[in-house]
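Work through the exercises below with the sequence and the model open. Try each task before you read its solution.

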Amino acid sequence: MTRPALSFEFFPPKSLPQSFRLWDCVTALAPLAPDFVSVTYGAGGTTRKLTHEAVQAIGAQTGLDVAAHLTCVEASRDETLGIAEEYRKAGVDRIVALRGDPPKGAGRFVARPDGFSGSVDLVEALAGRGFDVTVGAYPEKHPDAADHSADIEHLKRKLDAGADTAITQFFFEAETFFRFRDACEKAGIDAPIIPGILPVENWAGTRRFAEACGTSIPQVVADAFETAERDGGADLLATALATELCDDLLSGGVEHLHFYTLNKPDLTRDVCHALGLTPGVSLQNVA
Ligand code: FAD
């Protein structure tokens, strides 16, 4: 088995203690030589400046390839493209382009008359300007989608508009990803689809997040976390489950794993180590 590519997702810090936490996370994971790392953009476009600063600082201090997330919520086309051009000036040409969600409590996404109509429109503009564009994908269907095939058709439109690759929402079972990958292939999608892995840091938070984004939780996983939390073994369980998931994905031909780190390095690092991915050691060497 060849060494899979890795990428790590961070969120921008909103306070000095959070800045230290992000930095600890970046320095703990950088030795795993990720293909790239990415920095999210706050819901409703709330972290424009913070995302930019985090992207620049990580790139300048570590030399890692950094992707900036960008949404088209609450901004005009000119503002959104202005942000992208600022990234280019800073040497960043990889963008995770998303429609985004409106600020909490604001209901569904409504495009501004002077803004991008949605992700397809945004992707087209960014790809046309030479950016390397990644988009979001939803193995269990986005809550806004009418059904699975409409969702996959929409993903195809984003890729046909010029996106290079897609990263998925998190999921718990490898079979979920494989079914989605097969359906995408059947729909004529040949771009790489990278599974998004969420090592469970906090069970209650993960359950809420899963419900909001339509990720199903197998009963056996829910039961196991209830017991592990009671017995103080939640981290161990999270590491074991995420390692098994990644192992199944790699056995099924996946070549890149994207980790949602939540700016906490331990679980992600432990999962990578359990997979044999340690600094300077590849699966090729341990197989
Ligand atoms: P889209 O794929 O454009 O739309 C979502 C769904 O709605 C589609 O799957 C499709 O079924 C339906 N839909 C939308 N438009 C149409 C249309 N014209 N015709 C038919 N169907 C349509 N959010 C943030 O705020 N900041 C981030 O940094 C961030 N990073 C993310 C990273 C990843 C890898 C993922 C998977 C999600 C991320 N999100 C982020 C969440 C994302 O913004 C939300 O899921 C949002 O609701 C959808 O954005 P999208 O670009 O995937 O939307």
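**Exercise 1. Place Thr261 and find its partners.**

Solution. Start with the location: Thr261 sits in the loop between strand 8 and helix 10. Helices (H or I, at least four residues) and strands (E, at least two) are DSSP runs, numbered from the N terminus. This is a predicted model, where local features need pLDDT of at least 70 and side-chain atom pairs pLDDT 80 or more, while totals for chains, interfaces and linings use all residues. Residues are numbered from 1 along each chain as its sequence is written, and side-chain values use heavy atoms, with hydrogens and water left out.

Next, accessibility. Thr261 has 2% relative accessibility and counts as buried. Buried means under 20% relative accessible area, exposed over 50%, and partly exposed in between (1.4 Å probe, protein chains only).

Now the polar partner. The side chain of Thr261 reaches the backbone oxygen of Glu9 at 2.7 Å. A polar contact is a pair of N or O atoms within 3.5 Å; within protein, one must be able to donate a hydrogen and the other to accept it, and residues adjacent in sequence count only if both atoms are side-chain atoms.

Last, the neighbours. Beyond four places in sequence, Thr261 is in contact (heavy atoms within 4.5 Å) with Phe8, Glu9, Phe10, Cys25, Leu29 and Thr268.

**Exercise 2. Describe how helix 10 packs.**

Solution. Helix 10 covers residues 265–274; Pro265, Leu267, Thr268, Val271 and Cys272 are buried there. The buried residues of this helix pack against strand 1 (5–10), helix 1 (16–29), helix 9 (234–251) and strand 8 (256–260). Then check the helix end. Gly276, just after helix 10, takes a positive phi of about 90 degrees.

**Exercise 3. Which backbone atoms do the side chains of Thr51 and Thr168 reach?**

Solution. Take Thr51 to begin with. Thr51 belongs to helix 2 (residues 48–62) and is buried at a relative accessible area of 0%. A polar atom of the Thr51 side chain lies 2.8 Å from the backbone oxygen of Thr40. Contacts of Thr51 beyond four places in sequence include Pro12, His69 and Tyr87.

Turn to Thr168. Thr168 is in strand 6 (residues 165–170) and is buried, also with a relative accessible area of 0%. The Thr168 side chain reaches the backbone nitrogen of Gly196 at 2.9 Å. Among the other residues that Thr168 touches are Ala137, Ile194 and Tyr260. Phe180 is also touched; Thr168 and Phe180 are 12 residues apart in sequence and 9.9 Å apart, C-alpha to C-alpha.

**Exercise 4. Are Glu74 and Lys141 buried, partly exposed or exposed?**

Solution. Glu74 lies in the loop between strand 3 (66–71) and helix 3 (77–89). Its relative accessible area is 52%, so Glu74 is exposed. Glu74 is not a glycine, yet has a positive phi of about 55 degrees.

Lys141 lies in the loop between strand 5 (132–137) and helix 5 (148–160). At 22% relative accessibility, Lys141 is partly exposed. Lys141 is not a glycine either, and has a positive phi of about 80 degrees.

**Exercise 5. Summarise the whole chain.**

Solution. Count the elements: the protein chain has 11 helices and 8 strands. The radius of gyration is 18 Å, close to the 19 Å that the globule rule gives for 287 residues, so the chain is as compact as a globular protein of that length. The radius is taken over C-alpha atoms, and the rule is 2.2 Å times the number of residues to the power 0.38. Buried residues make up 49% of the 287. Of the contacts with a separation of 6 or more, 78% join residues 24 or more positions apart.
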